[in-house]
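Trainee: I would like to take a close look at a single part of this protein and at what surrounds that part. Please choose one and take me through it slowly, explaining each term as it comes up.

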Amino acid sequence: MSQAVVSPSPPRPPVRIGRLSIGALGILALALGTLQTVVDPALPLLQRELGVSSGEGALVSNAVLITGAAVAPVAGKLGDRYGGKRVLVRLMAVVSAGGLLAALAPNLPVLLLGQVLQGAMVGALPLSFILVRKHLPAGESQLGMGVVMALFTGGGMVGTLTAGPIAEGLSWHWMFALPTIAIIAMTLAVARLMPHDPPIESEYRFDWPGVVLLSGTLLAFMLGLVRVTGEDGLPPLAIGALAVVVAALATGWVVVERRAASPMVDLRMLAKPAMWHACMLTIVITTSFGMVSFLLPQLFGVAGDGYGFGADTTDIGLFLLPGAIAGAVSDSVGGITARRFGLRAVVIVGAVVTAATMLALVSLHTAEWQLVLAKALAAMAAGAGTTALLTSAAGAVETKDTGIATSVLVVTRVVGIALGVQIAAAILDAGAAPTTGLPAESAFVTGFAVAGLVAALSVLVVRITKKEAQA
């Protein structure tokens, strides 16, 4: 008697999500962006309240950035393997604990611990991209990713604008508490509204050695970047030792990934032109934008001899608001714009706009509107370019690799902005007057010129990658 062959049932199509689910993800991103940036404008207040030095205050500001760079790729890989919703909800529990801890912190060590836990929020971006790509058609998923990125960017400005009034009207504890309450509420909404994305079955164990080595590499690099360019700096011997540690960890990670049966990051995926071209362009674009983001608020705030505007924290936030809106809008449409006009066109136009704007600022920086317009143009160009690169790279890899691919670009974006900020700070420090400690006008001019030249490098990178693609 012949046996009937039972064919496996076809995989179920993904459940499509509606506007409420996308809205919950977007508001969650907005709250996360707000929590990430409330520290920066309130640093002087925190230093006075807690009795800490400027160096310790900088550590509070950088803690989220440092841990976020290490957590993002791990979160993305876990989301690819075990499901974006499952990992996102658990990650938000960690962020919420950090926000509540910071809100109740009686001293600097507790506040630092809260900031370290909050650093996990950077992993929410690749996890959100996983959910959007799995549950939306290709065209709509690009728009969904842009909306999430735009609201995260917009949340950063909300934090900058509201931190001062909240801290002064209530207390600095509430500037952590209010965004955290919103994060908890939106996490519950996402858990209820968002359909589950099933985990990917694999016969191989999770690549924990790769996780540890990659996280260690990023953590050592970010700590080194902050310490080397910080107020006190590091002696040459310590810088060399740090470079050796980073190189050793990176080499060990590559060796482990090449031998792993199921690596954390498939090196063949990183070798795809769409991925490493996107990484190269993202680092150049965000380095230039990081310089702009640091230089303009400094020029607004400085009261130099014949230059500067002496603006306070609230005024600076208002001056930067148009740029934040422009950046959020360009983030939301970056992927669609690239599909309509082509990725290279978006990157080249953005590079030309940023370079021309910065070179114009070399001679035109005597009125507030000039700086406001410059920030808006630079934010629009950077937002459209980086989001276009991210959505393009996400579409070039398999769905199961969406989380790790986008997290690599999110980390690249974080590193680029941090690098730009530190370069700009070094330029201003080098041009500071020994008597007052204020940077000279020529230091700002040099910073604008360097930012423009870095932006112009994007055009060269596009030409190089185009020739390689045609070869």
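**Helix H12 and its surroundings**

Mentor: Helix H12 passes helix H15 in a left-handed crossing, a term used when the near helix is turned anticlockwise from the far one by less than a right angle, whereas a clockwise turn makes a crossing right-handed. Before going on, you should know that this is a predicted model, in which local features need pLDDT of at least 70 and side-chain atom pairs count only at pLDDT 80 or more, while totals for chains, interfaces and linings use all residues. Residues are numbered from 1 along each chain as its sequence is written, and side-chain values use heavy atoms, with hydrogens and water left out.

The protein has 17 helices and zero strands; both are DSSP runs numbered from the N terminus, helices being H or I with at least four residues and strands E with at least two. Two packed helices are described by the angle between their axes and the distance between the axes. For H12 and H15 (residues 368-396), the axes come within 9 Å and cross at roughly 160°, where axes are lines fitted to C-alpha atoms, for helices over the stretch in contact, and angles run from 0 to 180 degrees between N-to-C directions. That crossing makes H12 roughly antiparallel to H15, since angles over 145 degrees count as roughly antiparallel, under 35 as roughly parallel, 65 to 115 as roughly perpendicular and the rest as oblique. The residues of the contact of H12 with H15 divide into 18 nonpolar, five polar and two charged; here Ala, Val, Leu, Ile, Met, Phe, Trp, Tyr, Cys and Pro count as nonpolar, Asp, Glu, Lys and Arg as charged, and the others, Gly among them, as polar.

Now turn to helix H14 (residues 343-361), whose axis and that of H12 come within 12 Å and cross at roughly 30°, so that H12 and H14 are roughly parallel to each other. The crossing of H12 and H14 is left-handed. In this contact (heavy atoms within 4.5 Å), H12 supplies Leu281, Ile285, Ser288, Val292 and Leu296, while H14 supplies Val347, Thr354, Met358 and Leu361. By class, the contact of H12 with H14 has seven nonpolar residues, two polar and no charged.

Consider next one residue of this helix, Thr287, which lies in H12. Thr287 is buried, with a relative accessible area of 6%; buried means under 20% relative accessible area, exposed means over 50%, and partly exposed is in between (1.4 Å probe, protein chains only). Leaving out residues up to four places away in sequence, Thr287 touches Gly416, Ile417, Leu419, Gly420, Ile423 and Val454.

Finally, set the helix against the whole protein, where buried residues make up 51% of the 471 residues. The largest nonpolar core has 115 residues, and those with the most contacts inside it are Leu32, Leu88, Met92, Trp172, Met175 and Phe176; such a core is a set of buried Ala, Val, Leu, Ile, Met, Phe, Trp, Tyr and Cys residues joined through side-chain atoms within 4.5 Å. Helix H12 (residues 273-301) gives the most to this core, with 13 residues. As for contacts in the protein between residues at least 6 apart in sequence, 82% of them join residues at least 24 apart.
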